[in-house]
Amino acid sequence: MSTMQATTVSCPSCGRTNRVPVAAEGRPKCGHCKQPLPWMVDAGDGDFTEVAERADVPVVVDLLAAWCGPCRMVSPALEKVATDLAGRIKLVKVDVDKNPRLSRRFEVQAVPTLLVLDQGETVARQAGAAPAPALRQWVEQSITAREGRSG
């Protein structure tokens, strides 16, 4: 079952390596220094609901394709945003070629397509690559709007 799957991430604060489950409640913290960890995982047709829609933090979904040059450019920028916003967001990457149901569900017509999900509901959407500062601003505006609605 995918809840047992984990990814390994280095803590940006102390550098220690931590195992982070792909699906879990709460927000991952470093086992050593207790600082928030970046949460970056892959998901697909079979485990997207568990990994992305049930997360209790906003989820940035990167709908990408392995052959896509702009996707390869935006990936490190998104990873930087996920590191900068550790504890506030989860980054979920989905290869649209390997996951046609998700591609159809989110009506992907160009890659990369980026989404911000709040409990499975799309609250922001953008197509195309952008540099890390622009992506961070977009994500922060999206989650701030979300926090404003729920508060």
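Visitor: What makes the contact of Glu140 with Arg88 a salt bridge?

Guide: In this predicted model, the closest N and O atoms of Glu140 and Arg88 are 3.5 Å apart. The cut-off is 4 Å between a side-chain nitrogen of Lys or Arg and a carboxyl oxygen of Asp or Glu, so the pair qualifies as a salt bridge. The two residues belong to distant parts of the chain, 52 residues apart: Glu140 lies in helix H4 (residues 132-150), and Arg88 in the loop between H2 and E5.

Visitor: Why is Glu140 called partly exposed?

Guide: The relative accessibility of Glu140 is 23%. Buried would require under 20% and exposed over 50%; Glu140 therefore counts as partly exposed.

Visitor: Which residues make up the network of salt bridges that includes Glu140?

Guide: Salt bridges link Lys80, Asp84, Arg88, Arg136 and Glu140 in a network. Within it, Lys80 and Asp84 form a salt bridge, with 2.9 Å between the closest N and O atoms. Both of these residues lie in helix H2, 4 residues apart, about one turn of the helix.

Visitor: What makes the side chains of Glu79 and Lys93 a salt-bridge pair?

Guide: Their N to O distance is 2.5 Å, and the limit is 4 Å, so the criterion is met. Here too distant parts of the chain are linked: Glu79 is in helix H2 (residues 69-84) and Lys93 in strand E5 (residues 90-95), 14 residues apart.

Visitor: Why is Lys93 classed as it is, buried or exposed?

Guide: Lys93 has 13% relative accessibility. Because buried means under 20%, Lys93 counts as buried. Glu79, at 31%, counts as partly exposed.

Notes: Residues numbered from 1 in each chain as written. Predicted model: local features only at pLDDT ≥ 70, side-chain atom pairs only at ≥ 80, totals over all residues. Heavy atoms only, no water. Buried < 20%, exposed > 50% of the residue type's maximum accessible area, 1.4 Å probe, protein only.
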